[in-house]
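User: I'm in my first year and still learning to read structures. Could you pick out one part of this one and take me through it closely, along with whatever surrounds it?

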Amino acid sequence: GQLRLVSKLQIRGTAKVGRVLTVAGGVTSPTATRLIQWLRNGKPIAKATSTRYKLTKNDRRKVISVRVRYSRDGFVGLQLSARTGRVR
């Protein structure tokens, strides 16, 4: 079967050092397991695999994105991503 996207994947929060970004939306039907990875300029950030990510000085002037991989037995996997503008 196919996983169906119920709500668009988004990043919530202000792209500013010290603020927290949160994964929002990205809900599938049926519900699937999510693997989350935050990225800085397209490269994975070590240990940044939860729904929340606190921006650090290393993120200043970089583009932060999140990649979410969905899986469920018997269904074709799905991968979505969202990104911020440059971090202030």
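Analyst: Happy to! Let's begin at Pro30, which sits in the loop between β4 (28-29) and β5. Keep in mind as you look that this is a predicted model. The peptide bond joining Ser29 and Pro30 is cis, with an omega of about -5 degrees.

From that loop, move into strand β5, residues 33-40, and find Trp38 there. Which residue does its ring pair with? The partner is Tyr53, and the two ring centres are 5.7 Å apart. A pair of aromatic rings is described by the distance of the centres and the angle of the planes. Planes under 30 degrees apart count as stacked; those of Trp38 and Tyr53 are at 25 degrees, so this pair is stacked. A search of the whole structure finds 1 aromatic pair, so you have now met it in Trp38 and Tyr53. Because Trp38 belongs to strand β5 and Tyr53 to strand β7, the pair ties together parts that lie 15 residues apart in sequence. Are these two residues buried or exposed? Both Trp38 and Tyr53 are buried.

Tyr53 is a good place to pause. Leaving aside residues up to four places away in sequence, Tyr53 touches Arg19, Val20, Leu21, Trp38, Arg40, Ile45, Ala48, Asp59 and Ile64. One of these, Leu21, is also the bridge partner of Tyr53. Strand β3 (residues 20-24) and β7 run antiparallel, and 3 bridges join them.

Now widen the view to the sheet. Three strands form an open sheet in the order β2-β3-β7, and the pairing is antiparallel. Its edge strands are β2 (10-12) and β7 (52-54), each of which pairs on one side only. From one strand to the next, the twist averages 25 degrees.

Next, look at the largest nonpolar core, which has 20 residues. Leu9, Trp38, Tyr53, Ile64, Val66 and Tyr70 have the most contacts inside it, so both members of our aromatic pair, Trp38 and Tyr53, appear again. At least two residues of this core come from each of β3, β5, β8 and β9 (78-86). Which strand gives the largest share? That is β8, with 4 residues.

One polar neighbour of Tyr53 deserves a look too. Asp59 is found in the loop between β7 and β8 (63-71). Buried means under 20% relative accessible area, and Asp59 has 0%, so Asp59 counts as buried. What does its side chain meet? A polar contact of 2.6 Å joins the side chains of Asp59 and Arg40. Not counting residues up to four places away in sequence, Asp59 touches Arg40, Ile45, Tyr53, Lys54, Ile64 and Val87. Among them, Arg40 and Ile45 are touched by Tyr53 as well.

Stay in that loop between β7 and β8 for a moment, since Arg61 is there too. Arg61 is not a glycine, yet its phi is positive, near 65 degrees. Exposed means over 50% relative accessible area, and Arg61, at 60%, is therefore exposed.

Lys47, in the loop between β6 (43-44) and β7, makes a nice companion to Arg61. Lys47 is not a glycine either, and it has a positive phi of about 65 degrees. With 83% relative accessibility, Lys47 counts as exposed.

How values were computed
Residues numbered from 1 in each chain as written. Predicted model: local features only at pLDDT ≥ 70, side-chain atom pairs only at ≥ 80, totals over all residues. Heavy atoms only, no water. Pairing = 2+ DSSP bridges. Axes fitted to C-alpha atoms, helices over the stretch in contact; angles between N-to-C directions. Phe/Tyr/Trp six-rings, centres within 6.5 Å; stacked < 30°, edge-to-face > 60°. Buried < 20%, exposed > 50% of the residue type's maximum accessible area, 1.4 Å probe, protein only. Polar contact = N/O pair within 3.5 Å; in protein donor to acceptor, adjacent residues only side chain to side chain. Contact = heavy atoms within 4.5 Å. Core = buried A, V, L, I, M, F, W, Y, C linked by side-chain atoms within 4.5 Å.
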